[in-house]
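Reader: I would enjoy a close look at one part of this structure, taken slowly and with its surroundings. Could you walk me through it?

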Amino acid sequence: MRAPAAFALGLWLLVGAVQAQPLLAPPPVSTAASAPVDGSDKSWAVPALEIVAFDFLLNRYNRRFSGTTDYDVTMGSIRRNLRGPWVVDNDPFKINQFAHPYQGSLYHGAARATGLNYWEASALTFAGSAWWEITGEKTPPARNDQIASGIAGSFLGEPLYRMAQMVLRGRSIVPAAWRETAAAVISPAVGLNRLAFGQRFGATFDDHDPAYYGRMHIGPTHVTRHAFDTSTEFKSDMVQADFLLDYGLPGKPGYTYRRPFDHLSFQTLFSSANGIEQVSTSGLLYGTDYAVKDSYRGVWGLYGNYDYLSPQIFHISTTSLSLGTTGQWWATKTIAVQGTGLAGLGYSAVSSTTRRIGDDSEYNYGTAVRFAAALRVIAGDRASADVSARMVSVGRIANRIAGRDDISRVDTNFTYRVMGRHAIGANYLWSHRSASYPVAGDRRQTLSTVGVYYTLLSSDGFSAPDWRPGAAN
């Protein structure tokens, strides 16, 4: 996929205008949370047609403006791609590891917005990705792109769909007049299908009113430590905007975890230095809740993860499955401790930002071990301290000849609520890469930043569910 995400959004809306019935006026905005019934109406045909039409229009755009013949698709190239073989391509990192997952998230959102459940939408996303690989490009289909679009696309698309539904149901601070627009920006397929079909699919999903923690912070950051090739261009002073959502926090009485992503975590970081620096999603695919005495509640099971990290010195992306748990412990009457621990395997791509055109010596795909942990200490309704860490090791299990990469990232935050939803915060972010390649040799890269932020909290504040007797929930 070579079209930028913004143009992809426009193409998606254009598809709706081409293939939908005469457009209905947007449904009235309700400030009250509705209680629809899952599966009351759904369609396989509508999202399938949207995916095929989107892929066709994207191919036409790329053929016209990409400056390459990769999109000059013919019946001969389609027949050749159907026969295989599937390969690994080394297209630009942001195309393969961010644009492709985002493209897959559009497929997933289209299926979810027309009533399909998570697994049905995931199947359609996987099929839509294969359709693009075979009919969208004349180059051989790439298995790394199939993982990025067909699997990571669902891991990214489901959180975007859930967030759009939160906005539409009034579970956010977005004003009522802007909810339809905000939902369409978050998940374009949701906006398209609400515009095209009105309330036809409006009663297909009930979020069960999850407990959640959300915050947006924005402010200046400064590089405090760097250790890498001095020829690498980087900016020492930046402005960053960081959004975090923890959805379906354990401990809320009556909330269940029967569906994939009933618990999820989503984080994205934008930087003035390099655009999108991070997109991370993690969702409970299959698991259940549990309790330890009266002070601890948690969930555990199998998680699906997608990580895209792009500090100024390297890139890494991982699609993985992990076993793990998320829980909350009431340490005292007013202090709550929330934490997550995950360990699993996935498929990763790593690249240096200084890779020369045609030099693939530092573009490594391989099976990866992934570990992640997060801890948040909440002091009443006044302050919280957060630390999260993740480590990905590529090339130690398979593909050792191609090279080895160990990536670590630690993110710490302190947030102090001043008044209402308004808070101030401080952040320290450390990124490190240790790599060894047969051709390029060993490489160590480290980048540390510190920042001060204005922080906007969600309507639930620091959100520590309280199940203890006598608590007001």
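Reader: Let us take the barrel: how many strands does it have, and in what order do they run?

Author: Happy to! This is a predicted model, and its barrel is closed and made of 12 strands. Their order is β1-β2-β3-β4-β5-β6-β7-β8-β9-β10-β11-β12, and the pairing is antiparallel. From one strand to the next, the twist averages 20°. A helix comes into this picture too: α4, residues 93-113, packs on the sheet. The strands touched by α4 are β4, β5, β6, β7 and β8, and the direction of the helix makes about 135° with that of β5.

Let us follow some of the pairs, beginning with β3. This strand covers residues 264-271 and pairs with β4 in the antiparallel sense over 8 bridges. Within that pair, Thr281 of β4 is the residue opposite Phe266. The two strands form a hairpin, with 3 residues between them.

Moving along, β4 spans residues 275-292 and β5 spans 296-309. These two strands run antiparallel and are joined by 14 bridges. If you would like a place to rest your eye, try Gly283, whose bridge partner in β5 is Gly304. Here too there is a hairpin with 3 residues between the strands, and in it Lys293 takes a positive phi near 55°.

Further round, β7 (residues 335-352) meets β8 (residues 363-379) in an antiparallel pairing over 17 bridges. One spot to find there is Ser348, which has Gly366 as its bridge partner in β8. As a general reminder while you look along these strands, side chains in a regular strand alternate between the two faces of the sheet.

Now for a single side chain in the barrel wall. Strand β10 covers residues 404-419 and includes Arg417. Is this arginine buried or exposed? Arg417 counts as buried because its relative accessibility is 14%, and the cut-off for buried is under 20%. A polar atom of the Arg417 side chain lies 2.5 Å from the backbone oxygen of Asp381. Leaving aside residues up to four places away in sequence, Arg417 touches Asp381, Arg382, His422, Ala423, Leu457 and Phe462.

Outside the strands, helix α3 makes a nice companion to this view. It runs over residues 75-83, and its buried residues are Ser77, Ile78 and Asn81. Why do these three lie on the same side of α3? They do so because they cover an arc of only 100° around the axis. The general geometry helps here: an α-helix has 3.6 residues a turn, so residues three or four places apart point the same way. The buried residues of α3 pack against α5, residues 118-135. Exposed residues on the other side of α3 are Met75, Leu82 and Arg83. Just after the helix comes Gly84, with a positive phi of about 85°.

Finally, a word on how far to trust the picture. The average pLDDT of the chain is 87, and 87% of the residues score at least 70. Confidence is highest in β5, at 98, and lowest in helix α1 (residues 5-19), at a mean of 38. Residues 1-39 have a pLDDT below 50, and this stretch makes 88 contacts in the model beyond near neighbours in sequence. The pLDDT is also below 50 over residues 356-361, a stretch with 5 contacts beyond near neighbours in sequence. Where pLDDT is low, predicted coordinates should not be read in detail.

How values were computed: Residues numbered from 1 in each chain as written. Predicted model: local features only at pLDDT ≥ 70, side-chain atom pairs only at ≥ 80, totals over all residues. Heavy atoms only, no water. Pairing = 2+ DSSP bridges. Helix = DSSP H or I, 4+ residues; strand = E, 2+ residues; numbered from the N terminus. Axes fitted to C-alpha atoms, helices over the stretch in contact; angles between N-to-C directions. Contact = heavy atoms within 4.5 Å. Buried < 20%, exposed > 50% of the residue type's maximum accessible area, 1.4 Å probe, protein only. Arc of directions from axis to C-beta. Polar contact = N/O pair within 3.5 Å; in protein donor to acceptor, adjacent residues only side chain to side chain. pLDDT = per-residue confidence, 0-100.
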